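Please read the sequence alongside the structure shown below. The explanation then moves from one site to the next.

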Amino acid sequence: MFGKSIKLFKLFGFEVRIDLSWIIIAILIAWSLSIGFFPFHFKNLSVQAYWSMGIVGALGLFLSVVFHELCHSLVARRYGIPIKGITLFIFGGVAEMDEEPRSPQAEFMMAIVGPLSSILIALVAYGVYAVGKAGGWAVPVVGVIEYLSMINGLLAAFNLVPAFPLDGGRVLRSVLWGLKGNIRWATQVSSWIGEAFGILLVALGVVGFVRGNFVGGMWWFLIGLFLHNAAKMSYRQLMVRRALEGEPIGRFMEPNPVTVPPSISVEQLVEDYIYKYHFKMFPVVDSERLIGCVTTRQVREIPREEWSQRTVGGLAAECSMDNTIEPNADATKALSVMSRTGASRLMVTEKGRLLGMITLKDLMKFLALKVELED
Ligand SMILES: [Zn+2]
């Protein structure tokens with residue numbers, strides 16, 4: 001469900017996308033507003049009125065979250081941190097950062113602007129609501145505006161909880177980082193709080209469920225689970241990134257890899273290479289010339305009885321961004337290619353020539369040693 005996102009529009013040069021999970025969440029929000037929140041707070045309206053309010057309310061929430069993320073992105077850009085785009089998913093959005101902020105000040109400004117933008121929407125909406133109420137606007141219109149004021153206030157409050165990676169957790173991290181000058185320690189402390197807060201929300205969700213508040217309980221449960229996981233992951237990611245940052249691929253490269261000639265049959269490939277070396281991918285080389293690579297995944301797609309007739313050359317995939325990397329690239333780049341494609345081996349190439357191979361196993365070994373020695 002995650003990772004499949006749809007491009008919506010461009011705003012100030014940032015691509016706004018929604019994750020497919022968000023569509024389900026949007027329907028859930030519209031539904032719970034239409035049958036729960038609005039009928040409870042505004043009595044004696046028609047079913048159509050409640051559903052219109054629910055749908056407009058969900059749409060308003062969506063635009064509020066886009067505005068919130070846009071503010072993060074604009075400040076990030078001001079501090080020179082590249083933002084790929086804004087993706088809305090399960091509970092809110094993420095401005096996709098490729099790098100960590102470079103200074104505690106940059107992180108502080110980037111993080112705090114999120115809750116501030118939500119507070120701004122809450123105040124503006126409250127002003128419009130007050131005008132509308134005094135002016136005798138229709139109840140559904142006033143109701144939706146009141147809801148948007150409240151939900152943005154809630155969003156700001158929730159995001160200010162100092163639980164990493166929520167905005168408040170980032171604010172806390174930037175302050176701790178600024179105080180001690182140690183981003184690792186600062187991330188550790190703020191993500192511990194993030195994990196603990198996640199567990200607390202899950203517990204609250206369970207209590208809500210037991211007490212019969214199914215919709216509310218489900219929300220807290222999901223958000224808690226998500227936050228707990230995100231806190232854990234972001235600390236790990238930081239550790240890996242810091243350990244591998246600035247380490248050129250060349251250091252981990254195996255310089256004389258096993259290669260396969262294109263003329264052999266798939267049968268020979270399986271018997272003499274895959275079962276012998278236990279690798280999932282082999283570069284295909286024809287007298288020094290790199291043709292591409294062949295993987296176990298491709299072999300699996302060929303019926304067993306055709307193995308003796310088909311050649312490796314006919315099966316090989318061309319070299320691309322997904323299976324090659326240049327020798328002076330950062331090790332973090334290799335890792336991100338591997339996590340994007342699911343490949344555990346990449347060919348190190350320079351001007352179409354095969355220099356060697358880099359494997360996830362070797363990267364992990366290095367990582368483990370570095371953590372052991374420098375921790
Ligand atoms: Zn935010």
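The paragraphs below take up confidence, the metal site, a sheet and the aromatic contacts in turn.

This is a predicted model. The protein chain has a mean pLDDT of 86, with 95% of its residues at 70 or more. Confidence is not even along the chain: helix 3, residues 104-134, has the highest mean at 94, and strand 4, residues 92-97, has the lowest at 57.

The zinc ion takes its donors from three residues of the chain, as the spacing H-x3-H-x94-D shows. His68 and His72 each contribute NE2, while Asp167 contributes OD twice, and the distances run from 2.0 to 2.6 Å. The angles among the four donor atoms range from 54 to 150°, and the site is irregular. A tetrahedral label would need all angles to lie between 85 and 135 degrees, so the range of 54 to 150° rules that label out. In sequence terms the site reaches across the chain: His68 belongs to helix 2 (residues 47-78) and Asp167 to helix 5 (residues 167-180), so this pair ties together parts that are 99 residues apart. Both His68 and Asp167 are buried.

Further along the chain is a sheet. Strands of a sheet pair through backbone hydrogen bonds, in either a parallel or an antiparallel way. Here three strands form an open sheet in the order 7-8-9, and the pairing is mixed. Strand 7 (324-325) and strand 9 (353-359) are at the edges with a single partner strand each, so one side of each has no neighbour in the sheet. An edge position in the sheet does not leave strand 9 uncovered, however: five of its seven residues are buried, so strand 9 is largely enclosed by the rest of the structure.

Strand 8 (residues 345-350) and strand 9 run antiparallel and are joined by six bridges. Within this pairing, Glu350 stands opposite Arg353 of strand 9, and Thr349 stands opposite Leu354 of strand 9. The two strands form a hairpin with two residues between them, and Lys351 there takes a positive phi near 50°.

The aromatic contacts come next. A pair of aromatic rings is described by the distance of the centres and the angle of the planes. Across the whole structure, 14 aromatic pairs are found. One of them joins Phe158 and Phe197, whose ring centres are 6.0 Å apart and whose planes differ by 45°, a tilted arrangement. Phe158 is in helix 4 (residues 139-160) and Phe197 in helix 6 (residues 183-210), so the pair links distant parts of the chain, 39 residues apart. Phe158 is buried at a relative accessible area of 17%, and Phe197 is also buried, at 14%. These values fall under the 20% cut-off for a buried residue.

How do the rings of Tyr273 and Phe282 stand to each other? Their centres are 5.8 Å apart and their planes meet at 75°, so the pair is edge-to-face. Tyr273 and Phe282 are both buried. Elsewhere, Phe37, Phe38, Phe42 and Tyr147 are linked into a cluster by ring pairs.

Rings also take part in contacts with charged side chains. The charged end of Lys43 sits over the ring of Phe40, at 4.8 Å from the ring centre. In another such contact, the charged end of Arg78 sits over the ring of Tyr79, 5.7 Å from its centre.

Conventions. Residues numbered from 1 in each chain as written. Predicted model: local features only at pLDDT ≥ 70, side-chain atom pairs only at ≥ 80, totals over all residues. Heavy atoms only, no water. pLDDT = per-residue confidence, 0-100. Helix = DSSP H or I, 4+ residues; strand = E, 2+ residues; numbered from the N terminus. Donors = N, O, S within 2.8 Å, 3.2 Å for Na, K, Ca; no water. Tetrahedral: all angles 85-135°; square planar, octahedral: opposite > 155°, others 65-115°. Buried < 20%, exposed > 50% of the residue type's maximum accessible area, 1.4 Å probe, protein only. Pairing = 2+ DSSP bridges. Phe/Tyr/Trp six-rings, centres within 6.5 Å; stacked < 30°, edge-to-face > 60°. Lys NZ or Arg CZ within 6 Å of the ring centre and 35° of its normal.
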